[in-house]
Every structure is written in C-alpha cells, then in structure tokens.
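Q: Please take a close look at one glycine-bearing loop in this model and tell me what surrounds it. I would also like to know how that neighbourhood fits into the rest of the protein.

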Amino acid sequence: MGTDANNERPAGSPAAAVVHSLHERHETLATVESLTGGLLSASIVEIAGVSGVYRGGLVTYATELKSELAGVPAELLAERGPVDPDVARALAEGGRRRCGADWGLATTGVAGPEPQDGKPVGLVYVAAAGPADTVVRQLDLDGGRDHIRSAAVIEALRLLVERIQAAEEPAGAGVDDDATAAAAGRR
C-alpha cells in the first residue's frame, strides 16, 4: 500500500481494520470505484477472511456506467459531471443497494495527468454509505497519478472505519465533540 493524503504510510492496514470491524459486527461491504479502478477492492480482498464480509464491487470508470450500473441519476451526471460530492454519495448508496450490503464505499475524482471537465488533478471524493447515513469527504491530493489513486484508497478505508466506529457509539455519544474540545481548550 502506498501513502495517505499526508504522504505518510498508514500504521497497520486500513483494509484489515475495515474487514475486522465488519466481521465483528456481522456486516457486509460493497465498493464502487471510478478513479481507483479496482485498487480499493483489491486492497480489501487481500485480507484473509474477507469472504464473509465483502459482497463485491463495481468499477464504473466510464461516466455512463455510473448511471447504468450504480444507479447514479443520469441528470446529476449530465449537470455536474462524475467528480462531484453528490455523485460520490450516489455511487456509495447505489453500490450498497445493488450488491445487497450493509455498507457501500465509493471513490470518484481526477487522478491526472490532466484536469477533467474543469476539475483539478487531485480532487477526489470518497463516500461511505451505511445503515444510518452517508458521509462524503473531499480530498485535495497532490503528487502523481499513482499517489493520488493509492491515497484515495487509504482515505476511503479510513472514512469507513470512522463511520463504523461512529455507528458503534451509543446514541448521543460524540455529538458535541467539537464543543467539548473547544471548552477544554479554554480552561
């Protein structure tokens, strides 16, 4: 595995953390990839014991396949293009639904070497759709094509780990984390 958004090697395997967490929860995962072109699913299936967790994935590199296979509204793609936070959301939700998984994880963005549809190289959206909600994170990555793709995989997996952990918290836990941290800083 390469380096993350900060050009650092992750401690441990983000894919192993996802697989382990989902295995413990008896939940499943599906992926939908654009710019990562199968790299995300490959990192997941490298983990021993993944067969009880990973349902499958879609590689929707061509824009029209995002609609045809993952269910992204064609109007959304026509209006905003494939590199958009709402497209990332629709990819994750569509993969989750179409593969019958508890969680969906998606990547879309511009790996380069040239900008795409006015979007800069390194602009990436990752999305995690779960039983309760969908969260999209924007990444502004630098470096070459290989780094952007591998960093997108790491950051997508990290986002999913965060969402799984948040789903494990009791209702109301963590609601005021920012306010609590700010208050602690004022003491």
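A: Once residues up to four places away in sequence are set aside, G37 touches V59 and R149. This is a predicted model, and the contacts described here should be read with that in mind. G37 is found in the loop between β1 and α2, the latter spanning residues 39-45. With a relative accessibility of 39%, G37 counts as partly exposed, because that value falls between the 20% below which a residue is buried and the 50% above which it is exposed. Along the chain, G37 and T60 are 23 residues apart, yet their C-alpha atoms are separated by 7.7 Å.

The neighbourhood becomes clearer when E33 is brought in, a residue placed in strand β1, which covers residues 29-33. Leaving out residues up to four places away in sequence, E33 touches G38, L39, L40 and S41, and also L58, V59, T60, Y61 and T107. V59 is therefore a contact of both G37 and E33, where contact means heavy atoms within 4.5 Å. A polar atom of the E33 side chain lies 3.0 Å from the backbone nitrogen of G38.

What about the charge of E33? This residue is buried yet has no salt bridge, and the nearest side chain of opposite charge, that of R149, is 6.6 Å away. A salt bridge requires a side-chain nitrogen of Lys or Arg within 4 Å of a carboxyl oxygen of Asp or Glu, so the 6.6 Å to R149 does not qualify. R149, as noted, is also one of the residues that G37 touches.

The surroundings can be followed further through the largest pocket, which holds about 170 Å³ of space. Its lining is made up of 15 residues, and the closest to the pocket centre are S34, L35, Y61, G109 and Q116. The elements that give two or more residues to this lining are α3, residues 63-68, and β3, residues 103-109. Y61 thus appears both in this central set and among the contacts of E33.

For the wider setting, the protein has seven helices and five strands, and from the N terminus on its elements run α-β-α-β-α-α-α-β-β-β-α-α. Of its 187 residues, 46% count as buried. Among contacts with a separation of 6 or more, 65% are made by residues 24 or more positions apart.

Unlike E33, which has no salt bridge, other charged residues do pair, and a search of the whole structure finds nine salt bridges. One of these joins R137 to E162, with the closest N and O atoms 2.6 Å apart. The pair links distant parts of the chain, since R137 belongs to strand β5 (residues 134-140) and E162 to helix α6 (residues 145-168), 25 residues apart. Both partners are partly exposed, R137 with a relative accessible area of 26% and E162 with one of 36%.

A second group of charged residues, E79, R80, D84 and D86, is linked in a network of salt bridges. Within this network, the side chains of D86 and R80 meet at 2.3 Å from N to O, and those of E79 and R80 meet at 3.7 Å, again N to O. E79 is exposed, with a relative accessible area of 64%, whereas R80 at 34% and D86 at 30% are partly exposed.

A last example of chain segments brought together involves N7, which sits in the segment before α1, residues 14-25. N7 is partly exposed, at 46% relative accessibility. Although N7 and L141 are 134 residues apart in sequence, their C-alpha atoms are 9.5 Å apart in space. Beyond its neighbours within four places in sequence, N7 is in contact with D142 and H147, and a polar contact of 3.1 Å joins the side chains of N7 and H147.

Returning to the loop itself, the picture is of a partly exposed G37 that touches V59 and R149, while E33 in β1 is buried without a salt bridge and has a side-chain polar atom 3.0 Å from the backbone nitrogen of G38.

Conventions:
Residues numbered from 1 in each chain as written. Predicted model: local features only at pLDDT ≥ 70, side-chain atom pairs only at ≥ 80, totals over all residues. Heavy atoms only, no water. Helix = DSSP H or I, 4+ residues; strand = E, 2+ residues; numbered from the N terminus. Buried < 20%, exposed > 50% of the residue type's maximum accessible area, 1.4 Å probe, protein only. Lys, Arg positive; Asp, Glu negative; His and termini not counted. Polar contact = N/O pair within 3.5 Å; in protein donor to acceptor, adjacent residues only side chain to side chain. 1 Å grid on protein atoms, 1.4 Å probe; cavity = no way out; pocket = protein on both sides within 12 Å on 5 of 7 lines; lining within 4 Å. Points joined across faces, edges and corners; volume = space filled by probe spheres on them.
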